[in-house]
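Grab your viewer and work through these exercises at your own pace. Each one sets a task, then walks through a solution.

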Amino acid sequence: AFFMQQIFQATGDRDRFIEEVSHLAGHPAMPAAFRLFAEGFIAHFENRPLLNLIVSDRGRVLMAWLALYFDAGHDPADPASGLTVNRFKAACHDSGLCSRGRAAAMIGIMRFAGHVEPAHEMRRGHPLRLIPTQKLRATFRHRLENVFRAMQPILPDAAIGLGRLGEPAFERIFIKSVCDEFLARPRPISFAPYMEPFAESKAGFIIVMALVASARGPGVPTDEPLAVPISRLSSRYAVSRAQVRELLMTAERQGLLVPAGDGRSGYLLSEDLRRGMFLMLAAFFILAAHGIRAAIAAAPRGSAPQDP
């Protein structure tokens, strides 16, 4: 109870963000939370080779959040507000997600896939505003369900968030609040430099999640060799076997994965990598808790929904 009180008092204080992330990463339920998060992340993976050529799986998730974020900030009185291609490209570049060219390609794919669509016909002198479709919003909602369920044993705000999913006003304020904080604070990945070889490579993030999910024991074990056949990783996550091997060898050279098991066919996670996983997820959990509270305060249950 004392631990939880400290976290709740600290959450939202930007000056104490690093400290509270460290505290939350040490929560005894974090290994189980990360395992649940990893399994949900895998379940929502889209096996599309073309997407891997443009940006990493982690980047695609963040870009979807950005699209929803810009739409949430649309002001009907300002025709230049909302989600536009130029605003999306600038944000992807400025936040370090990807180049402007890759962002333009991604927004084109999102239009083709039915994730965003024009809000109106082209108007002379005005940028074309795009809006997220119900398809993208449903995907976003399912991912949030996974995050909130993983959070729930650690931060009880998550139970409230689960109960409010599907309410347009709540979701709109939640996404805007989380992204405002995300852009203003150190990125969750910055707490976990040992995750970077995975996060920045094609399908790398999902591959380390798959290793975690392969464990027979609960949580994120320290002494159980984790193994998924390279051929399965390659076919399931739309990346070549050579790229999978190179990723695993790079992680092995850096001491992040330690060969173990029969014929050294599996890997133990280094303590640095394991701690990094928990720090990264703790940072995101804190941002999500902030978003839930902001949305509850600004959009009490029963408030009128906002038009997209």
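**Exercise 1.** Decide whether Ala238 is buried or exposed in this predicted model, and find out what its phi angle looks like.

*Solution.*
- Step 1: Start with the location. Ala238 sits in the loop between α13 (230–236) and α14 (241–253).
- Step 2: Check the accessibility. The relative accessible area of Ala238 is 17%. The cut-off for buried is under 20%, so Ala238 counts as buried.
- Step 3: Look at the backbone. The phi of Ala238 is near 55°, which is positive in a residue other than glycine. For context, most residues other than glycine have a negative phi.

**Exercise 2.** Work out which residues Leu83 touches beyond its neighbours within four places in sequence.

*Solution.*
- Step 1: Place the residue. Leu83 belongs to the loop between α5 (57–72) and α6 (85–94).
- Step 2: Get its exposure. With a relative accessible area of 0%, Leu83 is buried.
- Step 3: List the contacts, skipping those sequence neighbours. You should get Ala67, Phe70, Asp71, Phe88, Val116, Leu128, Arg129 and Leu130.
- Step 4: Take a C-alpha distance as a check. Leu83 and Leu68 are 15 residues apart along the chain, and their C-alpha atoms are separated by 8.0 Å.

**Exercise 3.** Find how many cavities of 30 Å³ or more the whole structure has, then describe what lines the largest cavity.

*Solution.*
- Step 1: Run a probe search. Rolling a probe the size of a water molecule over the atoms shows where empty space is left.
- Step 2: Count the hits. The search turns up two cavities of 30 Å³ or more, and the largest has about 480 Å³ of space.
- Step 3: Pull out the lining. It has 25 residues, and Phe37, Val61, Leu62, Trp65 and Phe284 are the closest to the cavity centre.
- Step 4: Sort the lining by element. Those giving two or more residues are α3 (30–43), α5, α8 (134–151), α10 (168–184) and α15 (271–298). Of the elements, α5 gives the most, with five residues.
- Step 5: Sort the lining by class. You'll find 19 nonpolar, four polar and two charged residues.

**Exercise 4.** Identify the residues that touch the most other members of the largest nonpolar core, then follow Phe285 outwards.

*Solution.*
- Step 1: Rank the members. Of the 103 residues in this core, Phe34, Trp65, Phe88, Phe148, Phe174, Met277 and Phe285 touch the most others.
- Step 2: See who supplies the core. Its largest share comes from α15, with 16 residues.
- Step 3: Zoom in on Phe285, which is found in α15. Phe285 is buried, at a relative accessible area of 0%.
- Step 4: Collect its contacts, leaving aside neighbours within four places in sequence: Leu24, Met30, Ala33, Val147, Ala150, Met151, Ile154 and Leu155.
- Step 5: Pick the pair with Leu24. Phe285 and Leu24 are 261 residues apart in sequence, yet 8.8 Å apart in space, C-alpha to C-alpha.

**Exercise 5.** Explain why the buried residues of α2 line one face of the helix.

*Solution.*
- Step 1: List them. Helix α2 (residues 17–25) has Phe17, Glu20, Val21, Leu24 and Ala25 as its buried residues.
- Step 2: Look down the axis of α2. The buried residues fall within an arc of 135°, so they line one face of the helix.

**Exercise 6.** Put numbers on the whole fold: what share of the protein's residues count as buried?

*Solution.*
- Step 1: Tally the elements. The protein has 15 helices and four strands.
- Step 2: Add up burial. Of its 308 residues, 53% count as buried.
- Step 3: Consider contacts between residues at least 6 apart in sequence. Of these, 68% join residues at least 24 apart.

Key:
Residues numbered from 1 in each chain as written. Predicted model: local features only at pLDDT ≥ 70, side-chain atom pairs only at ≥ 80, totals over all residues. Heavy atoms only, no water. Buried < 20%, exposed > 50% of the residue type's maximum accessible area, 1.4 Å probe, protein only. Contact = heavy atoms within 4.5 Å. 1 Å grid on protein atoms, 1.4 Å probe; cavity = no way out; pocket = protein on both sides within 12 Å on 5 of 7 lines; lining within 4 Å. Points joined across faces, edges and corners; volume = space filled by probe spheres on them. Nonpolar A, V, L, I, M, F, W, Y, C, P; charged D, E, K, R; others polar. Core = buried A, V, L, I, M, F, W, Y, C linked by side-chain atoms within 4.5 Å. Arc of directions from axis to C-beta.
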